[in-house]
There are 2 protein chains.
Amino acid sequence: MTPSTPHPRDRGIPEATVARLPVYLRSLQSLHERGTPTVSSDALAASTGVNPAKLRKDLSYLGSYGTRGVGYDVEYLIYQVSRELGLTQGWSVAIVGIGNLGRALANYGGFGTRGFRIAALLDADTSVVGDRVAGISVGHIDTLEDVVAAERISIGVVATPASTAQSVCDRFVESGVTSVLNFAPVVLNVPTGVEVRKVDLSIELQILAFHEQRKADGHLSPGWIEPQDDTS
Amino acid sequence: MTPSTPHPRDRGIPEATVARLPVYLRSLQSLHERGTPTVSSDALAASTGVNPAKLRKDLSYLGSYGTRGVGYDVEYLIYQVSRELGLTQGWSVAIVGIGNLGRALANYGGFGTRGFRIAALLDADTSVVGDRVAGISVGHIDTLEDVVAAERISIGVVATPASTAQSVCDRFVESGVTSVLNFAPVVLNVPTGVEVRKVDLSIELQILAFHEQRKADGHLSPGWIEPQDDTS
DNA sequence: CCGTGTGAAACGTTTCACAGCT
DNA sequence: AGCTGTGAAACGTTTCACACGG
């Protein structure tokens, strides 16, 4: 996509790096709260479970924000990573499907704190509409289009059953939402230009089952731990 | 790790392939319910949103289960994929942390249906202990070690707040659990041989924010969709 | 002297293109 | 004739190893 990027400053950060920046950010914030002023790539790598060289390469895509012989200034790096991820501006989020999962998401502290504002909760079930969840009144799904426009929603979260996920997604897209986070166990079809990320609880379990089976394949002891040191 | 694999039959399926098998499986099951007897790689690829060549390569790691000129037998392929993922045997799962997320997980239909049995729900909060969630009585976290042994738990799910996630994980590992699914926003440290998978709600949002920002960078129209067809 | 920043090598994954089977 | 299975090329990611600067 975008075969010839017209803009001169296309820093082109690799997707794999983008996916790790939030992890670094969390570790940096934790260091900052503990009053640590500076951190080396080795230390930050250890606390985030990645290879130090990888961490340095990742950060180098953002610019040269470290000091040789010293490390990285924690506060400054927090700002740079936040800015790169787009967390210095606020993003309005709407969650559709206020079952247990929707409630968990609405109450999840990590959302409100950094850059994200839960602007609306919607559900199709009229017995749920009007409930207050995380201090927000649940609206009816029929108002989706109005809410997206009025609240300038930029990220739509689909936490509905599988059967209604695609239609909710379609309505988000038609209303102009170009980023969707999908928790329903279906593949959502969207036009090019719309970003979908999927979080699938049962897929993760199945991947674990695969590895668990492999472990059990050779030696039959169930709780066996390889006697090696943890070099992550 | 495992520098020289001692077992002769090390089929060595790529990690990327393993992560996609559950997606294929879901699509296949849906086809099966609709009575479709056979499916081509192109059709299955379209319904799962992957490249047909990739799908064929993925399936070829399991063996030659297709018929040239015809496609794949849906029922037979379901069996082969299930077996490879280890879903033909039952896995007992324990969920620790019965807040909204833990409840959502416990009630999630996808778990019970295929290969997984929720054998225990545990929480530290005594006002939650004794509640019935998804037909299971919530136990106290102090009984974790006993429950893991008695129920032969092979997968531990951590749905606690970040502050207690590591200690719960440690107790799982000490009890012999070698697969952990972590929903808490922390990096869990485990010895070699223990598999951890992380599901992090806020990280996914941050990745979306990054892409949303990039879209807004050049052209300033917020709800813009690239006029191309969907070749996924 | 220590730790960052980065070419270059190694590795893994995706995609192409077509040979080969039904 | 049609679709799978797969070498080989293209691409992306990780890791190594060291030059360079504070």
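Copies are superposed by least squares on the C-alpha atoms of residues with pLDDT of at least 70 in both. In this predicted model, chain A can be laid on chain B with an RMSD of 0.0 Å. The operation is a turn of 180 degrees with a shift of 0.0 Å along the axis. That is the relation of a two-fold axis. Both copies use the same surface: 100% of the contact residues of chain A recur in chain B, where contact means heavy atoms within 4.5 Å.

Residues are numbered from 1 along each chain as its sequence is written, and chains are lettered from A and ligands numbered from 1 in the order in which they are written. Local features need pLDDT of at least 70, side-chain atom pairs count only at pLDDT 80 or more, totals for chains, interfaces and linings use all residues, and side-chain values use heavy atoms, with hydrogens and water left out.

DNA strand C was examined next. A residue is near a strand if one of its heavy atoms lies within 4 Å of it. Around DNA strand C there are 25 residues, of which S41(A), R56(A), G66(A), Y72(A) and R20(B) come nearest. Of the strand C atoms within 4 Å of the protein, 63% belong to sugar or phosphate, and the rest belong to bases. Polar contacts are pairs of N or O atoms within 3.5 Å; within protein, one must be able to donate a hydrogen and the other to accept it, and residues adjacent in sequence count only if both atoms are side-chain atoms. The side chain of Y72(A) places an N or O atom 2.8 Å from a phosphate oxygen of strand C. A backbone N or O atom of Y65(A) lies 3.4 Å from a phosphate oxygen of this strand. From chain B, a backbone N or O atom of R68(B) lies 3.3 Å from a sugar or linking oxygen.

Helices (H or I, at least four residues) and strands (E, at least two) are DSSP runs, numbered from the N terminus. The elements giving two or more residues to the surface near DNA strand C include helix 3 (52-60) of chain A and helix 1 (15-33) of chain B. Helix 3 of chain B gives the largest share, four residues. By class, this surface has six nonpolar, ten polar and nine charged residues. Here Ala, Val, Leu, Ile, Met, Phe, Trp, Tyr, Cys and Pro count as nonpolar, Asp, Glu, Lys and Arg as charged, and the others, Gly among them, as polar.

DNA strand D is surrounded by 26 residues. The closest are R20(A), R68(A), S41(B), R56(B) and Y72(B). Sugar and phosphate make up 60% of the strand D atoms that come within 4 Å of the protein. A polar side-chain atom of R20(A) lies 2.8 Å from a phosphate oxygen of strand D. For the side chain of Y72(B), an N or O atom is 2.8 Å from a phosphate oxygen of strand D. A polar backbone atom of Y65(B) is 3.3 Å from a phosphate oxygen of the strand. Helix 3 of chain A supplies the largest share of the surface near strand D, four residues. The surface near strand D has six nonpolar, eleven polar and nine charged residues.
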